[in-house]
Amino acid sequence: AVTAPTNPFINYSAAYPDDGNTISTGDYMQWNFNGGNITVNSNNDIKFVHTASGFEFYSNYYNWYDDCGMGLLCQYYYGGASVPSNAPEGWYDLYVFDQTTQNWIIDTNIFEIPPPRITDINPNEANQGQQQLSVQISGDNVVFEMGSSSIYSNFKFSQWSGSNPFSGITTGYEYYDGELYGTVDVPQNQNPGWYDLEVWDYGSS
């Protein structure tokens, strides 16, 4: 005979910011996980633990429902949590305390608080002498705007640790997509080859 498992388990879990495109310190985030045979009694039974340091914070609220019509075998838990302003960068694990077994059930690497980083520039090539080339720059946890002033980050390109530099002109910023917009005029005699991109981060300044 085939019997249903009785030990608590988590199949998968996820977390995402209430707004923006990455989870940052001070954010409010939503979370969820699918599992079974888990009995939770309070917000303190659900926490998020920094993998490297052990720093932790708890869920603000939670709820669950039967996800397949089989009671405790198919549980879908969901809720929200405030990410502390002093939460360290890096990966976080989900810890759920099961009141029946008095054990923590762990799902690793549920989300990351990434360091400020540029993830993409589109397009990523240009021609010598090209004018008014529209670009969009994407990043994680990069503050592209000074407060709410509509003053946006400057950006520039250079080769070999600062040689042959030229700058772009910022034209706008989209908060929810985490993208900076601008235009680039490439000098006619600009040296060909690969260039590094530097973007001012108001969060680190």
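A residue is called buried when its relative accessible area is under 20%, exposed when that area is over 50%, and partly exposed in between. By this scale Glu112, with a relative accessible area of 21%, is partly exposed. The structure described here is a predicted model, and the account below takes up its salt bridges, one buried proline and its two largest pockets.

**Salt bridges**

The structure holds 3 salt bridges, which are set out in the table with the separation of nitrogen and oxygen for each pair.

| Pair | N to O distance |
|---|---|
| Glu56 and Lys47 | 3.1 Å |
| Arg117 and Glu112 | 3.3 Å |
| Arg117 and Asp140 | 3.0 Å |

Arg117 lies in strand 9 and Asp140 in strand 10, so their salt bridge ties together parts of the chain that are 23 residues apart in sequence. Through shared partners, the salt bridges join Glu112, Arg117 and Asp140 into one network. Within this network Arg117 is partly exposed, with a relative accessible area of 32%, whereas Asp140 is buried at 11%. In the pair formed by Glu56 and Lys47, Glu56 counts as partly exposed at 32% relative accessibility, while Lys47 has a relative accessible area of 10% and is therefore buried, the limit being under 20%.

**Surroundings of Pro8**

Pro8 is placed in the segment before strand 1 (9-17), and its relative accessible area of 15% makes this residue buried. Leaving aside neighbours within four places in sequence, Pro8 is in contact with Gly36, Asn37 and Ile38, and also with Asp98, Thr101 and Ile105. The C-alpha atom of Pro8 is separated by 10 Å from that of Gln75, although the two residues are 67 residues apart along the chain.

**The two largest pockets**

The largest pocket contains about 580 Å³ of space. Its lining is made up of 24 residues, and those that lie nearest its centre are Asn124, Glu125, Ala126, Gly193 and Tyr195. The elements that give two or more residues to this lining are strand 9 (117-122), strand 10 (133-140) and strand 14 (196-199), and strand 9 gives the most, with 4 residues. By class, the lining of the largest pocket divides into 14 nonpolar, 7 polar and 3 charged residues.

For the second largest pocket the space comes to about 470 Å³. This pocket is lined by 23 residues, with Thr22, Ser24, Asn141, Val142 and Val143 lying nearest its centre. The lining of the second largest pocket has 8 nonpolar, 10 polar and 5 charged residues.

Technical notes
Residues numbered from 1 in each chain as written. Predicted model: local features only at pLDDT ≥ 70, side-chain atom pairs only at ≥ 80, totals over all residues. Heavy atoms only, no water. 1 Å grid on protein atoms, 1.4 Å probe; cavity = no way out; pocket = protein on both sides within 12 Å on 5 of 7 lines; lining within 4 Å. Points joined across faces, edges and corners; volume = space filled by probe spheres on them. Nonpolar A, V, L, I, M, F, W, Y, C, P; charged D, E, K, R; others polar. Buried < 20%, exposed > 50% of the residue type's maximum accessible area, 1.4 Å probe, protein only. Contact = heavy atoms within 4.5 Å. Salt bridge = Lys/Arg side-chain N within 4 Å of Asp/Glu carboxyl O.
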